[in-house]
Amino acid sequence: MFDTKARWIALACAICLPLAAHAQTSVTIYGKIDLGIRYIANSNTKGQSLIDEKSSTNRLGFRGREDLGDGMAAIFTLENGFNGDDGTAGQSGRLFGRQAFVGLQSKSAGTIMLGRQDTPMFDYLAPVSAGIAAWGGSPAAHYGDIDNINAFFRVDNSIKYASPVFNNTSAGAFYGMGEQAGSTGKNQTFGFGSRYRTDALYLAASMLHVSNPTDSVYDGKGTFGTSVYNGLQLASTLRTIGAAIGYNFGKSAKAAFIVSDTRFDNSALAKGNAAYRNYEFNGTYFLTPRLQVGASYIFTNGHWSADDSRPHFNQVNFGASYAFSKGVSIYWRNAYQIAGGSAKIAQINLLPASSTNRQYLTNVGLKYSF
């Protein structure tokens, strides 16, 4: 009788052990699909079409965490980006092109992650930008997203460290290995960021340095698509720094200001160095907990050293978003850009270029997140 009971107890323990381990491990499947109808007005491109949100916000992801004890955990994220209108893969056809990393997390020491990841410009400045706001989206990003606040590119083979939050303050460092045979620095990327955040106030600053950006982060492609500015990123280095301040006026309103300075050294298009400074003011107001409206103004001021040309762009964005539930919402987005100075062509972020110095976009869409 005793031996029989012992066998049953041993069997129960054997069954419970993997269940206990499983209880400390979690894997979450999440995603988002964003489709809409757009109208682009300029003298060259006019049209209406079913489109996916061209910032590749459409995604399917897997996020996991396993508790290792003593405040330690192993984490991973695999996130695929896809084009919602035809189902094809985004990020140059990568299976997990948005993110693919594994890491270790400690409550006292911080988190270290290895893989394909976002840069500090996105991590620290995007939270208060109009480019990720429900009413703004990718059309509200800075010109060409040259400062990468809207995550136009990610970095392969990167190491990222994020510190714990101490007195509302946190910081992080980033390094991307260039994987260039015979050279440890040719295609390398590095950056830093920090922020201070309370319920009302958000302060952040970050920087990013990219060697040989065309090959290391742009996949050999242009940051400006088919426009006459394609080739600006054909440079020896891309250097960008930025800072942001955001403030919440209770639960009904918030406002932010962002400034960034981006420089391309030895740009093929500019035949020398090119610099662009972006200034963004944005505000959001919640008419109800479900309905928000917002607007932003972006001024981009450029300078090409070789011929002393000074392109600049003025852009206004406004829109609204209504949430039917936590995961389902509709939006209306508008962007209007005027190119000036030596800039003759307008181009709202990720749109086909205008043939004139003006361009307008209006976009109505439906977004489903899970």
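**Close-up views of a predicted model**

**View 1. Asp 147 and its neighbours.** Setting aside residues up to four places away in sequence, Asp 147 touches Met 121, His 142, Thr 240, Ser 260, Thr 262 and Asn 278. Keep in mind that this is a predicted model. Asp 147 itself sits in the loop between α2 (120-125) and β7 (155-162). Which side chain of opposite charge is nearest to the buried Asp 147? That's Arg 277, but it is 10 Å away, and Asp 147 has no salt bridge. A salt bridge would need a side-chain nitrogen of Lys or Arg within 4 Å of a carboxyl oxygen, so Arg 277 at 10 Å doesn't qualify. What Asp 147 does have is polar contacts: its side chain meets the side chain of His 142 at 2.6 Å, and it also meets the side chain of Asn 278, at 3.5 Å. His 142 and Asn 278 also turn up among the residues that Asp 147 touches.

**View 2. Thr 119, a buried loop residue.** Now go to the loop between β6 (110-117) and α2, where you'll find Thr 119. Buried or exposed? Thr 119 counts as buried, with a relative accessibility of 0%. Its side chain makes a polar contact with the side chain of Asn 148, at 3.0 Å. Beyond four places in sequence, Thr 119 touches Asn 148 as well as Phe 153, Val 155, Phe 174 and Leu 208.

**View 3. The largest nonpolar core.** This core counts 35 residues. Which of them touch the most other members? Look for Leu 232, Phe 264, Ala 274, Tyr 276 and Phe 313. At least two core residues come from each of α2, β10 (201-211), β11 (237-249), β12 (253-267) and β13 (272-286). The largest share belongs to β10, which chips in four residues.

**View 4. Phe 313 up close, plus a second core.** Phe 313 is one of the core residues that touch the most other members. Ignoring its neighbours within four places in sequence, Phe 313 is in contact with a long list of residues: Tyr 143, Tyr 229, Tyr 276, Ile 298, Phe 299, Thr 300, Gln 337, Ile 338, Ala 339, Ala 343 and Ile 345. There's also a second, separate core of five residues, and its members include Ala 335, Ile 348, Leu 351 and Leu 361.

**View 5. Strand β8 between its partners β7 and β9.** β8 (169-176) has two faces: Ser 170, Gly 172, Phe 174 and Gly 176 are on the covered one, while Thr 169, Ala 171, Ala 173 and Tyr 175 are on the uncovered one. How many bridges pair β7 with β8? Five, in the antiparallel sense. If you want a landmark, Lys 160 stands opposite Phe 174 in β8. Phe 174 is also one of the residues touched by Thr 119. β8 pairs with β9 (residues 189-197) too, again antiparallel, over eight bridges. Here, the landmark is Gly 176, opposite Thr 189 in β9.

**View 6. The β7-β8 hairpin turn and other spots with positive phi.** Most residues other than glycine have a negative phi, so positive ones deserve a look. β7 and β8 make a hairpin with six residues between them, and Asn 167 in the turn has a positive phi of about 55°. Asn 168, in the loop between β7 and β8, has a positive phi as well, near 70°. Asn 168 is partly exposed, with a relative accessible area of 36%. Elsewhere, Ser 92 has a positive phi of about 60° despite not being a glycine. Ser 92 belongs to the loop between β4 (72-81) and β5 (99-106), and it is partly exposed at 44% relative accessible area.

**View 7. Strand β1 and its antiparallel partners.** β1 (residues 25-41) runs antiparallel to β3 (residues 59-69), and eight bridges join them. To find your way along this pair, spot Ser 26, whose bridge partner in β3 is Arg 65. β1 also runs antiparallel to β17 (residues 358-369), with 10 bridges joining the two. In this pair, Ala 41 stands opposite Tyr 360 in β17.

**View 8. Phe 318 on strand β15.** Phe 318 lies in β15 (residues 311-323) and counts as partly exposed, at 35% relative accessibility. How far apart in space are Phe 318 and Trp 332? Their C-alpha atoms are 8.5 Å apart, with 14 residues separating them in sequence. Trp 332 is among the residues that Phe 318 touches; leaving out those up to four places away in sequence, the others are Trp 135, Gly 294, Ala 295, Arg 333 and Asn 334.

Notes: Residues numbered from 1 in each chain as written. Predicted model: local features only at pLDDT ≥ 70, side-chain atom pairs only at ≥ 80, totals over all residues. Heavy atoms only, no water. Buried < 20%, exposed > 50% of the residue type's maximum accessible area, 1.4 Å probe, protein only. Lys, Arg positive; Asp, Glu negative; His and termini not counted. Polar contact = N/O pair within 3.5 Å; in protein donor to acceptor, adjacent residues only side chain to side chain. Contact = heavy atoms within 4.5 Å. Core = buried A, V, L, I, M, F, W, Y, C linked by side-chain atoms within 4.5 Å. Pairing = 2+ DSSP bridges.
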